[in-house]
Every structure is written in structure tokens, then in C-alpha cells.
Amino acid sequence: MAAPSHTAAPAEEKNLEMRVIRVGTRKSQLARIQTDSVVAMLKTLNPGLQFEIIAMSTTGDKILDTALSKIGEKSLFTKELEHALERNEVDLVVHSLKDLPTVLPPGFTIGAVCKRENPYDAVVFHPKFVGKTLETLPEKSVVGTSSLRRAAQLQRKFPHLQFKSIRGNLNTRLQKLDELQEFSAIILAAAGLQRMGWQNRVGQILHPEDCMYAVGQGALGVEVRAKDQDMLDLVGMLHDPETLLCCIAERAFLRHLEGGCSVPVAVHTAIKDGQLYLTGGVWSLDGSESMQETMQATIAVPAQHEDGPEDDPQLVGITAQNIPRVAQLAAENLGTSLANLLLNKGAKSILDVARQLNDAH
């Protein structure tokens with residue numbers, strides 16, 4: 001009698017092949033591109049599976065006349081998608097990781113953190129200022145950004161400029177820049193422009209010495225139901241170990257500071273020679289006060305799919321059963337330790353004042 005074949009699909013894979021996997025996303029063009037890229041990766045790894053993409057509008061997509069920091073809702077771009085996940089209308093949801101709060105509602109987890117694209121911010125100039133930089137823009141030029149983090153850092157660095165809120169998806173913001181004479185330039189995430197194929201509009205990349213980036217910026221997160229082991233197994237293959245560890249450290253830093261959209265908090269991470277370096281900073285709303293520090297932790301970057309799944313709970317909302325727990329805990333501890341260092345040096349008063357001022361305006 002022939003030996004049993006070891007190439008048969010595991011039971012859960014067969015279960016998945018008998019159904020269509022429904023993927024939730026926001027309706028914007030960028031969100032659809034990001035979701036398509038995740039589905040394409042999953043199809044490459046699982047050619048037998050069928051996927052259906054379900055697009056929906058979120059609160060953040062609907063309220064376009066108010067600065068994000070004023071709406072006072074932590075899950076602006078995620079709540080409606082999570083409701084669909086909770087009601088079993090979708091099986092997984094693709095997000096920009098920076099949109100996901102550091103504490104997720106009970107019952108949800110980030111089952112994959114995909115490889116990060118360029119995490120930096122980019123400057124797109126009005127056609128009449130192409131060839132300029134922020135430094136060489138005329139005095140009192142107005143620069144559009146929806147982010148307190150960018151405005152605080154750039155006001156400090158470029159005091160001759162004025163910063164004004166600009167809302168809408170990428171297409172809308174570029175249209176406002178080009179068609180209204182209101183803005184000389186706008187600041188956007190470089191990763192979004194790359195994914196849209198608009199690299200030719202990038203006039204300047206802002207490196208950390210000019211503007212540190214948002215927690216999780218440039219990475220995609222795949223959210224699933226925390227107890228849906230089939231989906232955790234499926235999407236867990238997409239974890240990028242370096243990105244995962246950087247983002248655990250960043251999210252732990254932000255969570256411990258109790259930061260969010262309403263305060264200027266920024267980070268920069270790098271992994272080199274088995275060390276994870278995390279720089280984190282906080283700013284007053286006008287950028288006049290700031291505090292930043294760097295810490296490092298030893299972190300051997302693990303090979304993916306190491307043996308021994310863990311059934312420990314998630315860290316900062318992330319479940320990564322195929323990445324060694326010890327590396328994840330070291331990253332989380334680094335983020336918390338850096339936040340404590342800043343808090344002990346007085347960061348809390350900067351953040352409290354920023355929150356109060358933001359709420360008052």
C-alpha cells in the first residue's frame with residue numbers, strides 16, 4: 001500500500017477552499033490598491049483560495065470638514081470595518097497600520113504586519129513651486145497637512161511657513177493643491193504616493209532630522225477576529241519580521257504615552273546588527289517645545305515561520321504566532337522603556353498642554 005502523501009492540504013486549508021474569503025476595505029483608491037496588494041500576496045501563497053473585496057465608507061471618510069485631531073474618535077477609519085468583521089460580513093480587513101489604535105476593541109487582532117514601504121513623509125509642491133524645497137518656499141507660504149505631528153515638527157524647523165489643515169483622500173488633496181491657489185505645498189506619506197504610482201509628484205522627502213514619521217507609517221496591517229484561527233494561520237504568513245518588531249516597539253511607545261491623533265508624537269526605528277534602535281519624540285502643538293530620545297535593544301531578527309506556535313495573548317494589538325515571542329517582548333519593552341524615559345523627563349506636561357489646546361480650538 002502506498003505511503004500517505006504529505007502534500008495534501010491541511011484540514012483548515014480545505015475548509016477555506018470551500019468558501020469565498022471576504023476582505024473589507026475603505027472605498028478610497030489608495031485603500032483599494034493596498035487591499036489588492038494584500039489579496040495578491042495571499043493568492044500567491046494560496047492559489048486555490050477565492051477572495052471577494054467588500055468596500056465601505058468609514059467615519060473618517062465622511063467627516064471631511066474637520067481636522068482629524070478635532071474629531072476625538074480613535075477609530076475614525078476602522079470602526080465600520082470592525083463592525084463588519086464582528087457581524088461576520090467580512091473575514092479580514094486591510095488597513096494602513098498607522099490608522100489602527102494601539103488598543104483594539106476586544107475580539108479583534110492584527111494578524112499580519114506586511115513589509116513596510118518608505119515610512120517617510122513627502123512634500124508635493126504646487127506646480128508654480130516645482131523645484132523648490134520647504135526651506136526655499138517664500139515667506140508665509142501655506143503648507144497643507146492633516147497631521148498635528150507634521151505641523152508641530154515642521155513649524156519648528158521652518159518658522160517662515162504657515163501650516164493649515166487639509167482633509168480628504170489623496171486624490172482630493174492633490175486636487176485642492178493644484179486647483180486652489182491656497183496651498184504652496186502639501187505633506188503626504190511617501191508610501192501612499194508610491195502605491196498610487198505618483199512618485200513623480202514628490203518634490204522632497206523629509207528625513208527624520210526634519211520630520212519623524214507616525215507610528216506604523218508605511219506598513220499595512222491585516223485585522224481579523226482574534227479567535228478565528230483559520231484566518232490567523234492564513235494571514236500570519238504575511239508578517240515581515242523586521243517591520244513587525246519595529247512596529248511593536250513604535251506602538252508600545254505610543255500606547256504608553258497615551259498618544260493618538262490629538263497630540264504630536266513621532267518615531268524613527270531601524271534594525272542594524274541585531275539591534276533595534278527606536279527614536280521617539282513629543283512636541284507642543286506649535287513645535288516650540290520638544291523632547292526626543294533614542295534607545296536600543298538587542299533583537300536577533302528571526303527567520304520567518306520558526307517552530308513552536310505561541311498561544312500567549314497579543315502584544316499592542318498584534319498576534320504573530322510564527323515570530324519568536326522573546327523578540328516581540330524585547331521590542332514591546334523597548335517602546336515602553338523609551339516612553340517612560342520621556343515621561344520621567346517631563347513629556348507628560350507637553351502632551352497634556354497639547355491635548356488641552358487642541359480640545360479648546
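The following exercises, each with a worked solution, concern a predicted model of a protein.

**Exercise 1. Confidence**

State the mean pLDDT of the protein, and describe residues 1-11 and 305-309 in terms of pLDDT and contacts.

Solution. Begin with the whole protein: the mean pLDDT is 87, and 85% of the residues reach 70 or more. Turn next to residues 1-11, where pLDDT stays under 50 and the model has one contact beyond four places in sequence. Residues 305-309 likewise have a pLDDT below 50, with six contacts in the model beyond near neighbours in sequence. Where pLDDT is low, predicted coordinates should not be read in detail.

**Exercise 2. Positive phi at D273**

Determine where D273 lies and whether this residue is buried or exposed.

Solution. First, consider the backbone: D273, a residue other than glycine, has a positive phi near 50°. Most residues other than glycine have a negative phi. Second, locate the residue: D273 belongs to the loop that runs between β11 (265-272) and β12 (275-283). Third, apply the cut-off: exposed means over 50% relative accessible area. D273 has a relative accessibility of 74%, and therefore counts as exposed.

**Exercise 3. Positive phi at V316**

Determine where V316 is found and whether this residue is buried or exposed.

Solution. The phi of V316 is near 40°, again a positive value in a residue other than glycine. In the chain, V316 sits in the loop between β13 (290-298) and α11 (325-344). The cut-off for buried is under 20% relative accessible area. Because its relative accessible area is 2%, V316 is buried.

**Exercise 4. The aromatic pair**

Classify the ring arrangement of Y120 and Y213, and establish which parts of the chain the pair links.

Solution. The count comes to one aromatic pair. The ring centres of Y120 and Y213 are 5.9 Å apart and the planes stand at 55°, so the pair is tilted. As to position, Y120 is in the loop between β4 (108-113) and β5 (121-125), while Y213 is in the loop between β9 (202-206) and β10 (220-225). The two residues are 93 residues apart, and the pair links distant parts of the chain. Finally, consider accessibility: Y120 is buried, at 19% relative accessible area, and Y213 is buried, at 2%.

**Exercise 5. Cysteines**

State how many disulfides a search of the whole structure finds, and describe the accessibility of C114 and C211.

Solution. A disulfide is a covalent bond between the sulfur atoms of two cysteines. The search of the whole structure finds zero disulfides. C114 counts as buried because its relative accessibility is 4%. C211 is also buried, with a relative accessible area of 1%.

How values were computed
Residues numbered from 1 in each chain as written. Predicted model: local features only at pLDDT ≥ 70, side-chain atom pairs only at ≥ 80, totals over all residues. Heavy atoms only, no water. Helix = DSSP H or I, 4+ residues; strand = E, 2+ residues; numbered from the N terminus. Buried < 20%, exposed > 50% of the residue type's maximum accessible area, 1.4 Å probe, protein only. Phe/Tyr/Trp six-rings, centres within 6.5 Å; stacked < 30°, edge-to-face > 60°. pLDDT = per-residue confidence, 0-100. Contact = heavy atoms within 4.5 Å. Disulfide = S-S within 2.5 Å.
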